[in-house]
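This report describes selected features of the structure shown below. Backbone outliers, helix packing and the contact between the chains are taken in turn.

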Amino acid sequence: MVIKRSTYIKYLFLFLSPAIVLIVIFKLYPLIQNIIYAIVNDDGHITFRYLNDTLHDPAFWNSSWVTIKFAVITVFFEMVIGFIFALLLNASFRGRKIMRTIFLIPWALPTAIMAVGWKFLFQQSYGPIPWLLYWLKLTKSPPYFLSDPKMSFIAILIADIWKTVPFVALLILAGLQAIPHELYESMDIDGASGWGKMIYLTIPLLIPTFIVTLMFRFLEAFGVFDLIWVLTQGGPGNATMALSPYIYKKTFMWMEIHGGAATATFTALYIIIIILLIQYIRNTLKRRYGTT
Amino acid sequence: MKKLSLFLLVAFVLTLFSMGAAFAKDITLTFLIGPDSTGIFHKEVALFEKKNPGIKIKLVEGPHSTNDRYQMFVTASMSKKSPYDIVWADIIWIPPLAQKGWLLPISDYVDVNKLYAENFKATVDGSIWDGKIYRVPAMSDAGLIYYRKDILEKAGVKPPRTFKEFFQVAQKLQDPKNGLWGFVYQGKQYEGLVCFYLEWLWGNGGYYYDPVTRKVGVDSPQAIEATQMLVDTIHKYKITPPDVLSFQEEESRMFFESGKAVFLRNWPYVWVLSQSDEMSKVKGKVGVMPEFYAEGQHPYATQGGWGVAISKFIEKDKVDAAIKFALFMNSYEAQKLAFMVNGWDVARRDIYYDPEVLKKNPFFKELRVILENTRWRPATPIWPKLSDIMSRYLTKAMTQQMTPEEANKKMAEEARKAVAEFWNK
């Protein structure tokens, strides 16, 4: 059956319309409204004061730095650990299915709830982690994870990595299983070592998966809110104040609505930059390997 | 055909009924409160509804955290709607909300002089912003010191009054190795820490921000000294466990009630609980006194407290009912009920002279004096930001990332910037 082009387009829009409507209402409209808040003052005049103030706000730069540090470190560890776990789960052993299910539990937990759990684990007076470190004689006294700036940053890193490794591993596992088995067999015939198979077959063929995962994780890490809000509320001082909690605090606690919107606008800019960057990497790799 | 006409008739009658019901409908007001764990709000509302047929109050129980409830009200007001017609409002909410125009000024409906005559001055003062009143006070609150009477008596020492005496006594009486610390307070980075610190700051002759002159004074030698004392509780005198950095009201109360501290800074609600809680190990062993202060100064208590405020976006025909309810919450009857059920330190003075009240809680006699001598946090719309700045740098000093001098200088610098930004709009 041949479908006329106009009919095709009609159906295309019909099927896409639920998604389009939702995206317009819940993504596009708030985004535009946010930009309006950022550049229009209470009297209805256009002003760049709020954007300018944000650029001169040390707390904004601090939050940017915290967010970038958080995103780069967590995503790096999640990719490495997630890759190792994916390889382990891809190997055949008894009880593999059950292991895969159990492994996913941290990721399935709502962040706020798992953050409350970590808060208990990190608490100095009764929490198991500080006392374990102390009993193992790794520290002189049980460390204060949540009231020391460096330690609390480490605490949110640990909690986030713990939660997200399963997700990353799952994506990579899917990529691993998509690699045709014949390729391994032919490499076996050529007499390749296990390491050789890894370097010349597994990793190059996983690059598309890596890039998608990287993009997912970076964007998510950039918007981190619930974990930090429950665990440290951005404190002590501003040590764990990432951009999203900072925007929230500015807008809803200090009621600097325009200032908060301006900060959110810059955060959106960051995210656009990341997407462009990843696209660039993707294109470069495409030229080199011809994949993706 | 017959069936259809019967159906139409029934439908018509039903429509008439429902319209009639709509015309005679009660006025329903929504009231945003915290979790009503003791049921006091439900009791107050039942009493009010009995006396005022035709008005219904629908309680909306928000989260426990006052910050979260504040944000609920802020978000609703931003969209210029009133899902909450009336709100149980903290004293520090009034300037920022009133300045934004999100609360209904009630000066035309209530007699301010009468409120002043009947309630503690600070509770009414705190309801006023820019010459208009926005809230009917219901509950007062003030920081004070609880101490272990039995331990002090056994050691033969009188309750300390000045900072110097206090540090000596606390150091002498504590025994941290056996789990008895000298002093606990609200040390987490949040509003509670600021309330406590302000008491020491004022008691040491300093001040944070004067809303009249718009001056910030928190880098004065007295203020730096106050921060030093706060840091010293943990690091020099070691009378406070470092874990205090994660304590809010409840953590410090439980610490004290489990018999692990000699002194506690908290709000009046602790008294009733410490004497009635099943878990409490300090029943009959607790004394109460005003805050400590420097030689030649006065003790100060930070004023807290709650009242009933009305949303600016309430429907016009509901305003009278809302006012009625707000005033009811301040009536003798309602206030006494609040005391009887919850032990609240209510806003009305005469409750504190009621023989029945004094019999149930003799401590109200001392509390009366403390409540007359409170100070309130600077009344300014930017208070949430000033408070955030203060708690942030206090935490930096308490965790020794900064010296008290550096912390207070930075605090003053940022506060001055915030003040200038606000007024140069």
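## Backbone outliers in loops

Lys80(B) has 11 other C-beta atoms within 10 Å and is therefore exposed, the limit for that class being 12 or fewer. The model is a predicted one. Lys80(B) lies in the loop between α3 and β3 (86–90) of chain B, and, although not a glycine, Lys80(B) adopts a positive phi of about 55°.

Chain A offers a case of its own. Lys137(A), not a glycine either, has a positive phi of about 60°. Lys137(A) sits in the loop between α7 (128–135) and α8 of chain A, and with 7 other C-beta atoms within 10 Å Lys137(A) is exposed.

## Overall features of chain A

Chain A contains 13 helices and zero strands. Its 292 residues include 28% that count as buried. The C-alpha trace of chain A extends over about 75 × 75 × 35 Å along its principal axes.

Contacts in chain A between residues at least 6 apart in sequence were also classified by separation: 67% of them join residues at least 24 apart.

## Packing against helix α8 of chain A

Helix α8 (residues 149–177) of chain A packs with helix α3 (residues 58–90) of chain A at an angle of about 50°, the axes being 6 Å apart. The two helices, α3(A) and α8(A), are therefore oblique to each other, and their crossing is right-handed. On the α3(A) side the contact includes Ile73(A), Phe77(A), Ile81(A), Phe85(A) and Leu89(A); among the residues that meet them from α8(A) are Leu157(A), Ile161(A), Val165(A), Val168(A), Ile172(A) and Leu176(A). By class, the contact of α3(A) with α8(A) comprises 16 nonpolar, five polar and two charged residues.

Helix α6 (residues 111–122) of chain A also packs with α8(A), here at an angle of about 130° and with the axes 11 Å apart. An angle of this value falls outside the ranges for roughly parallel, perpendicular or antiparallel helices, so α6(A) and α8(A) are oblique to each other. The crossing of α6(A) and α8(A) is right-handed. Thr111(A), Met114(A), Ala115(A), Trp118(A) and Phe122(A) of α6(A) make this contact with Ala155(A), Ala159(A) and Lys163(A) of α8(A). The residues of the contact of α6(A) with α8(A) are six nonpolar, one polar and one charged.

## Helices α17 and α18 of chain B

In chain B, the axes of helix α17 (residues 383–398) and helix α18 (residues 404–423) come within 9 Å and cross at roughly 165°. This angle is over 145°, so α17(B) and α18(B) are roughly antiparallel to each other. Their crossing is right-handed. From α17(B) the contact draws on Lys385(B), Leu386(B), Ile389(B), Met390(B), Tyr393(B), Leu394(B), Lys396(B) and Ala397(B), and from α18(B) on Pro404(B), Ala407(B), Lys410(B), Met411(B), Glu414(B), Ala415(B) and Ala418(B). These residues divide into eleven nonpolar, no polar and four charged.

For the 16 residues of α17(B), a rise of 1.5 Å a residue gives an expected span of 22 Å, and the end C-alpha atoms are indeed 22 Å apart. Of the 16 residues of α17(B), 16 are buried, so this helix is largely enclosed by the rest of the structure. Just after α17(B), Gln400(B) takes a positive phi of about 60°. Within α18(B) lies Arg416(B), which counts as partly exposed because 16 C-beta neighbours lie inside 10 Å. Arg416(B) and Arg214(B) are 202 residues apart in sequence, yet their C-alpha atoms are 8.8 Å apart in space.

## The contact between the chains

On the side of chain B, 18 residues are in contact with 16 residues of chain A. The elements giving two or more residues to this side of chain B are α3 (66–78), α4 (94–100) and α17. The largest share, five residues, comes from α17(B). By class, the side of chain B that touches chain A has five nonpolar, eight polar and five charged residues.

Helix α17(B) thus appears in two settings: it packs with α18(B) within chain B, and it contributes to the side of chain B that touches chain A.

Methods. Residues are numbered from 1 along each chain as its sequence is written. Chains are lettered from A and ligands numbered from 1 in the order in which they are written. This is a predicted model: local features need pLDDT of at least 70, side-chain atom pairs count only at pLDDT 80 or more; totals for chains, interfaces and linings use all residues. Axes are lines fitted to C-alpha atoms, for helices over the stretch in contact, and angles run from 0 to 180 degrees between N-to-C directions. Helices (H or I, at least four residues) and strands (E, at least two) are DSSP runs, numbered from the N terminus. Angles under 35 degrees count as roughly parallel, over 145 as roughly antiparallel, 65 to 115 as roughly perpendicular and the rest as oblique. A crossing is left-handed if the near helix is turned anticlockwise from the far one by less than a right angle, and right-handed if clockwise. Two residues are in contact if their C-beta atoms, placed from the backbone, lie within 7 Å. Ala, Val, Leu, Ile, Met, Phe, Trp, Tyr, Cys and Pro count as nonpolar, Asp, Glu, Lys and Arg as charged, and the others, Gly among them, as polar. The expected span of a helix is 1.5 Å times one less than its number of residues. A residue is buried if 20 or more other C-beta atoms lie within 10 Å of its own, exposed if 12 or fewer, and partly exposed in between; C-beta atoms are placed from the backbone.
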